[in-house]
Amino acid sequence: MSLLLAPRYWGAHLLMVAAVAAAVLLGLWQLHVWEAARAHEARDLSNAKPLPLADVMTGDSPFNGRYLGQPVSFSGEWLSKGTLYVSNRDLDGRRGYWVVTPVLVGRSAMPVVRGWSAQPAAPVPSGGVQVTGWLQASEGAGVPDDDPHDDVIPEMRIASIVEHVDADLYSGYVVAEHSAGASRTSAFQDLSAVTPDSVPKVSNVTSLRNLLYAFQWWIFGVFALYIWTRWCRDTWEQLHPSGQVASEA
């Protein structure tokens with residue numbers, strides 16, 4: 001086997017070491033991402049101090065999972081024409097609708113769940129507003145919209161809302177808190193409060209892709225080791241014809 005350690009074979013050996021090391025490190029990285037995502041999901045931020053929305057995300061930034069459920073506050077102007085109703089929402093055993101109206105914050109609009117209604121109808125607010133509520137991630141179960149032209153949508157999916165709003169949207173939405181001052185009463189009257197407990201839970205397979213990527217990288221490392229072993233065997237057999245190998249044995 002000492003012949004395989006000759007300098008002319010060092011490149012192949014180093015390539016194997018680099019491939020296996022890269023596969024192990026990339027797998028560990030993906031595993032860390034998966035563990036971090038699960039840790040963020042397990043946190044309950046609903047009772048945390050509200051943060052300014054601008055400190056958490058902008059209209060152009062992707063949704064950061066570490067702020068799922070984080071109370072945020074912001075001010076803006078109601079986009080009343082963008083009011084939508086999310087169907088099949090339960091509240092105390094009753095089936096109804098979430099009432100959603102976007103709030104224009106600068107150049108982007110944040111969808112705001114104003115409350116729950118038994119029917120897809122509610123007073124439409126207008127003017128300026130100060131909102132405090134819980135930041136949530138876009139839903140994405142892929143529920144089809146039977147009529148994409150009406151104001152009822154099957155899930156709280158940002159990609160569905162954007163078709164009804166004449167403004168860029170944030171990558172998440174906010175469930176408004178109802179314990180605000182009288183200046184906000186008109187926007188929330190006749191609506192039952194929606195709480196973080198009423199929000200559908202993030203799927204328990206969230207970030208499972210990262211865990212699968214970790215195993216994929218490790219399998220690649222094992223495959224690289226197997227290829228190197230076969231290469232060593234084939235090279236050894238070329239250097240020692242079968243007759244010699246038999247006689248040496």
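**Exercises on a predicted model**

Q30 is buried in this predicted model, as its relative accessible area is 7%.

**Exercise 1.** State where Q30 lies and which residues Q30 touches, not counting residues up to four places away in sequence.

*Solution.* Step one: Q30 belongs to helix α1, which covers residues 10-42. Step two: leaving out residues up to four places away in sequence, the contacts of Q30 are N210, Y213, A214 and W217. Step three: buried means under 20% relative accessible area, and the 7% of Q30 therefore counts as buried.

**Exercise 2.** Classify the aromatic pair of W98 and Y173, and place both residues in the chain.

*Solution.* Step one: three aromatic pairs are present in the structure. Step two: in the pair of W98 and Y173, the centres are 6.3 Å apart and the planes stand at 50 degrees, a tilted arrangement. Step three: W98 is in strand β4 (residues 94-105) and Y173 in strand β9 (residues 172-176), so the pair links parts of the chain 75 residues apart. Step four: both W98 and Y173 are buried. Step five: W98 also has the charged end of R89 over its ring, 4.5 Å from the ring centre.

**Exercise 3.** Classify the pair of F215 and W218, and decide whether each residue is buried, partly exposed or exposed.

*Solution.* Step one: the ring centres of F215 and W218 are 5.7 Å apart with planes at 90 degrees, so this pair is edge-to-face. Step two: both residues sit in helix α5 (residues 208-239), three residues apart, about one turn of the helix. Step three: F215 has a relative accessible area of 44% and is therefore partly exposed. Step four: W218, at 26%, is also partly exposed.

How values were computed: Residues numbered from 1 in each chain as written. Predicted model: local features only at pLDDT ≥ 70, side-chain atom pairs only at ≥ 80, totals over all residues. Heavy atoms only, no water. Helix = DSSP H or I, 4+ residues; strand = E, 2+ residues; numbered from the N terminus. Buried < 20%, exposed > 50% of the residue type's maximum accessible area, 1.4 Å probe, protein only. Contact = heavy atoms within 4.5 Å. Phe/Tyr/Trp six-rings, centres within 6.5 Å; stacked < 30°, edge-to-face > 60°. Lys NZ or Arg CZ within 6 Å of the ring centre and 35° of its normal.
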